[in-house]
Amino acid sequence: MTESESGSESDPGHRMRGLAVVAAAAVLAAVLSLAAVYVVSPGGAPQSPDHEAWLDQAHTALDEVSSDVATAQLLLRLTAQDKVPGPYQQVVALDSENAAGTVASHLSGEQPEPADQKTYTQVTTVLSDAGDLLSSVRISVVRRDVGRYPALAHALAKMQHKISWAEGKVPS
Amino acid sequence: MSRFFAVALGILTAIGGFVDIGDLVTNAQVGARFGLSLAWATLVGVVGICVFAEMSGRVAAVSGRATFDLVRERLGPRVGFLNLVASMSITFLTFVAEIGGVALSLQLVVSVHELLLVPWVGVAVWLILWKAKFSIMENVLGLFGLALVVFGVALWQLGPDWGGLLQQAATASKPADEHGSTYAYYAVALFGAAMTPYEVFFFSSGGVEEGWSTQDILVMRANVLIGFPLGGLLSVAIAGCAWLVLGPLNISVDSLGQVGLPVAAALGKVGLSVALLGFVSATLGAACETGLSVGYSITQYFGAQWGKYVRPREAAVFHAILLLASLGAVATLMTMVDPIVVTEMSVVFSAVALPLTYFPILVVSNDPDYMGDQVNGHLANALGSLFLVLVCVAAVAAIPLMIYTRMGQ
């Protein structure tokens, strides 16, 4: 370090400016944290996306849950062929169930505009049904209830159709 | 014969050590959605990491000193500190992701919640960093990481239309239902995953740990120029498997369990078990590398004694940092943050930090005071400059793309 640099860093004014920057950053961080707590707090008002944003979120939610249902279908197919070890089956089934549940609860927690109420009911009902079905898959997988797999696979295929139908009801 | 063995071992460990949790998840995500149309991004990233790893390895071999040691001396404490903060933050984030990755991999084996496994993984990683010999740690985990070759076998077993796959890779044609912005976001993510900063820190510091000299430059180049590209092929194989099995079902990858399903489809339980061995080894190896890299970067910057080649008592600060980093990573994961999300973030933020990581390496490797007659040649400088431009573009684009596409949704 040069002498001039060293001198400028030991200058009280320089030090005060540095402290002011740090203090400002700390205040900004605190304000942002409080804002974030306010936004995500369960006690606060629900998020109220506008019409376009809500439709966008509904499409994304249906796509994600469709992916979870497809994962469960693939898992049951591979399990029926004895290609996946037991612990692996359980984790994949549980991950699919949890992921679908998170998506469904997030979308259900949003406040739709009155014009979207009908679509909201249709979409959240499908998401909820998909979550219930994925719970049934997880229960059967953990119990190694292989006899139920064909029926569950059939139900998952029907659920995919239901999700596609719901996607069709959400305007693009 | 021993030289041949050293080259072969180095190449094998470079292949096995190339893939980490970021590569596993990102390549499967991209493969399921885009097939091999983004293989070019992996290819560009692999060439980039080869260019800069070769430079940093050469710097270590010629000067006997590692990257951060020279960056601070050559560019001054301020630029060095900026470089340290950016690179070390990303490396720590990657360390968190890797420890989470080990826990997720073990969860697939034992079906115990990952939060119960995270503390034990943290302890295991710290013990390896503290007790295991550097060469044993690198070679054993690197060789077991080769188990991921099973993705290549699975791809072959799935019997794809090779012509179609090659055409998809060659034409880089984006699927019609995907947005250009999402395509660009994942291109940056793949580039960031291939060029993760810790790889060069670990490589150059590892060279110092192993006492490289100018006589080892050829072996080092063989490791980099053969091992890394073959490791990159593993990444492409992961993407190919995901495209063939998950793509037709419109499955988007958001868990490690989904990454292994194509191997189960192709090779059954045996193949999946080998893949699991690969997951655990690759993530554990990367966790050790990133953990060490956190310690290397801080101690090298501040001029403290560092490395596993000295006794822990002589490198107390280095080992204290390793302990604190392990504790910090475990604490972060215990907040119930999703390791897959941490992985996605680490890959994208890697891209942001790339210029600060690679610019100093280019400067140091061009300095005849350090490098003597091993200073960069025309080709190394041309490639280094070209990739510096590319990493700057990726760094500028990464955050806006992440926000605009909502992390690739």
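# Reading a two-chain helical model

Modeller: Chain A contains 6 helices and 0 strands, where helices (H or I, at least four residues) and strands (E, at least two) are DSSP runs numbered from the N terminus. From that terminus on, the order of elements in chain A is α-α-α-α-α-α. The model is a predicted one, in which local features need pLDDT of at least 70 and side-chain atom pairs count only at pLDDT 80 or more, while totals for chains, interfaces and linings use all residues. Residues are numbered from 1 along each chain as its sequence is written, and chains are lettered from A and ligands numbered from 1 in the order in which they are written.

Biologist: How many helices and strands does chain B have?

Modeller: Chain B has 16 helices and 0 strands. Its C-alpha trace spans about 55 × 50 × 45 Å along the principal axes.

Biologist: How should the radius of gyration of chain B be read?

Modeller: The radius is taken over C-alpha atoms, and the globule rule is 2.2 Å times the number of residues to the power 0.38. For 409 residues a compact globule would have a value near 22 Å, and the 20 Å of chain B agrees with this.

Biologist: What share of each chain is buried?

Modeller: A residue is buried if 20 or more other C-beta atoms lie within 10 Å of its own, exposed if 12 or fewer, and partly exposed in between, with C-beta atoms placed from the backbone. In chain B, 58% of the 409 residues are buried. In chain A, 33% of the 172 residues count as buried.

Biologist: What do the contacts within each chain show about separation in sequence?

Modeller: Two residues are in contact if their C-beta atoms, placed from the backbone, lie within 7 Å. In chain B, among contacts between residues at least 6 apart in sequence, 86% join residues at least 24 apart. In chain A, residues 24 or more positions apart account for 80% of the contacts with a separation of 6 or more.

Biologist: Which residues touch the most other members of the largest nonpolar core?

Modeller: A nonpolar core is a set of buried Ala, Val, Leu, Ile, Met, Phe, Trp, Tyr and Cys residues joined through C-beta atoms within 7 Å. The largest core has 184 residues, and B:I99 and B:V188 touch the most other members. Helix α12 (residues 256-302) of chain B gives the most to this core, with 24 residues. Apart from neighbours within four places in sequence, B:V188 is in contact with B:V348, B:A351, B:A394, B:A397, B:A398 and B:L401.

Biologist: How is one face of a helix recognised?

Modeller: An α-helix has 3.6 residues a turn, so residues three or four places apart point the same way. In α6(B), the buried residues are B:E138, B:L141, B:G142 and B:G145. Seen down the axis of α6(B), these buried residues fall within an arc of 105°, so they line one face of the helix; the arc is that of the directions from the helix axis to the C-beta atoms.

Biologist: What length is expected of helix α13 of chain B?

Modeller: The expected span is 1.5 Å times one less than the number of residues. Helix α13 (residues 316-333) of chain B has 18 residues and reaches 26 Å from its first C-alpha to its last, close to the 26 Å expected. Among its buried residues are B:F318, B:I321, B:L322 and B:A325. The buried residues of α13(B) cover an arc of only 165° around the axis, which puts them on the same side of the helix. They pack against α4 (67-110), α5 (114-131), α12 and α14 (339-364) of chain B.

Biologist: How many residues does each chain give to the contact between A and B?

Modeller: Chain A gives 19 residues and chain B gives 21 residues. On the side of chain A that touches chain B, the elements giving two or more residues are α3 (51-80) and α4 (86-108) of chain A. The largest share of that side, 8 residues, comes from α3(A). The residues of that side divide into 11 nonpolar, 5 polar and 3 charged; Ala, Val, Leu, Ile, Met, Phe, Trp, Tyr, Cys and Pro count as nonpolar, Asp, Glu, Lys and Arg as charged, and the others, Gly among them, as polar.

Biologist: Where does A:R144 lie?

Modeller: A:R144 lies in the loop between α5 (117-143) and α6 (149-169) of chain A. A:R144 has a positive phi of about 55° although it is not a glycine. A:R144 is exposed, with 12 other C-beta atoms within 10 Å.
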